[in-house]
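User: I'm new to reading protein models, and I'd like a close look at one part of this one. Could you walk me through the packing around a single helix and what lies beneath it?

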Amino acid sequence: MSQLLLATGLALGALAIAAVLQRRKPAAPMQGSFVAPTQLDRQDFAYPEAPWLIAEFMADTCLVCDEVWQQVDAIDQGGVAIEKLELNEAKLLHDRYRIDGVPTTVLADSNGVVRASWVGPIRPGELADTVRTLVAS
């Protein structure tokens with residue numbers, strides 16, 4: 001009987017130690033978020049001479065991409081070239097700029113410096129406001 005009590009006590013102690021050690025285990029690393037490129041080679045795009053470029057990296061199967069494209073396509077600002085880069089048609093550019101989440105929308109100046117970017121949906125009016133502000137500066 002005392003051996004049974006001793007075995008039970010040891011088992012409960014081992015469970016308590018295991019629970020404490022489990023709590024002390026470091027949390028799993030956070031997954032990185034999708035990022036947009038910070039620099040573009042303007043020669044990779046259809047209108048390298050345009051003062052500004054809006055490039056939307058997207059995929060045909062992405063519903064959010066269509067919503068963002070409607071906002072991009074509605075930009076009517078002089079000096080701003082717009083380019084739609086569908087994954088299957090522009091895979092080399094998706095790979096070159098390490099696009100791993102769509103839609104990724106970038107606004108780049110004449111030197112290819114990305115001055116604004118969005119990964120995922122864009123709030124209504126935000127893109128147009130950003131374009132107006134940056135182009136005017």
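Analyst: Let's take helix 4, residues 126-136. Its buried residues pack against strand 1, helix 2, strand 2, strand 3 and strand 4. Keep in mind as we go that this is a predicted model.

Which residues of helix 4 are the buried ones? They are Leu127, Thr130, Val131 and Leu134. Look at the spacing of those numbers, then recall a handy rule: an α-helix has 3.6 residues a turn, so residues three or four places apart point the same way. Seen down the axis of helix 4, the buried residues fall within an arc of 100 degrees, so they line one face of the helix. Now turn the helix around: on the face pointing away from the buried side you'll find Thr133 and Ala136, which are exposed.

Helix 2, residues 63-73, is one of the elements that helix 4 packs against, and you can read it in a similar way. Here the buried residues are Cys65, Val68, Trp69 and Val72. Viewed down the axis of helix 2, they fall within an arc of 105 degrees, so they too line one face. Leu63 and Gln70 sit exposed on the face turned away from that buried side. The cover over the buried residues of helix 2 includes strand 1, strand 2, strand 3 and helix 4.

Now for the strands. Strand 3 and strand 4 (residues 114-119) run antiparallel and pair over five bridges. Ala108 stands opposite Val114 of strand 4. The two strands form a hairpin with four residues between them, and in it Gly112 takes a positive phi near 85 degrees.

That hairpin brings us to Leu40. Setting aside neighbours within four places in sequence, Leu40 has contacts that include Ala108, Gly112 and Val114, along with Phe45, Leu53, Tyr97 and Val106.

Leu40 also belongs to the largest nonpolar core, which has 16 residues; Leu40, Phe45 and Phe57 are the ones touching the most other members. Strand 1 (52-58), strand 2 (80-86) and strand 3 (104-109) each supply at least two residues of this core, and strand 1 gives the largest share, with three. There's a second, separate core too, with 14 residues, and among them are Ile54, Leu107, Trp118 and Leu127. Leu127 takes us back to where we began, since it's one of the buried residues of helix 4.

As a general picture to take away, nonpolar side chains in soluble globular proteins tend to be buried together.

Key
Residues numbered from 1 in each chain as written. Predicted model: local features only at pLDDT ≥ 70, side-chain atom pairs only at ≥ 80, totals over all residues. Heavy atoms only, no water. Core = buried A, V, L, I, M, F, W, Y, C linked by side-chain atoms within 4.5 Å. Buried < 20%, exposed > 50% of the residue type's maximum accessible area, 1.4 Å probe, protein only. Contact = heavy atoms within 4.5 Å. Pairing = 2+ DSSP bridges. Arc of directions from axis to C-beta.
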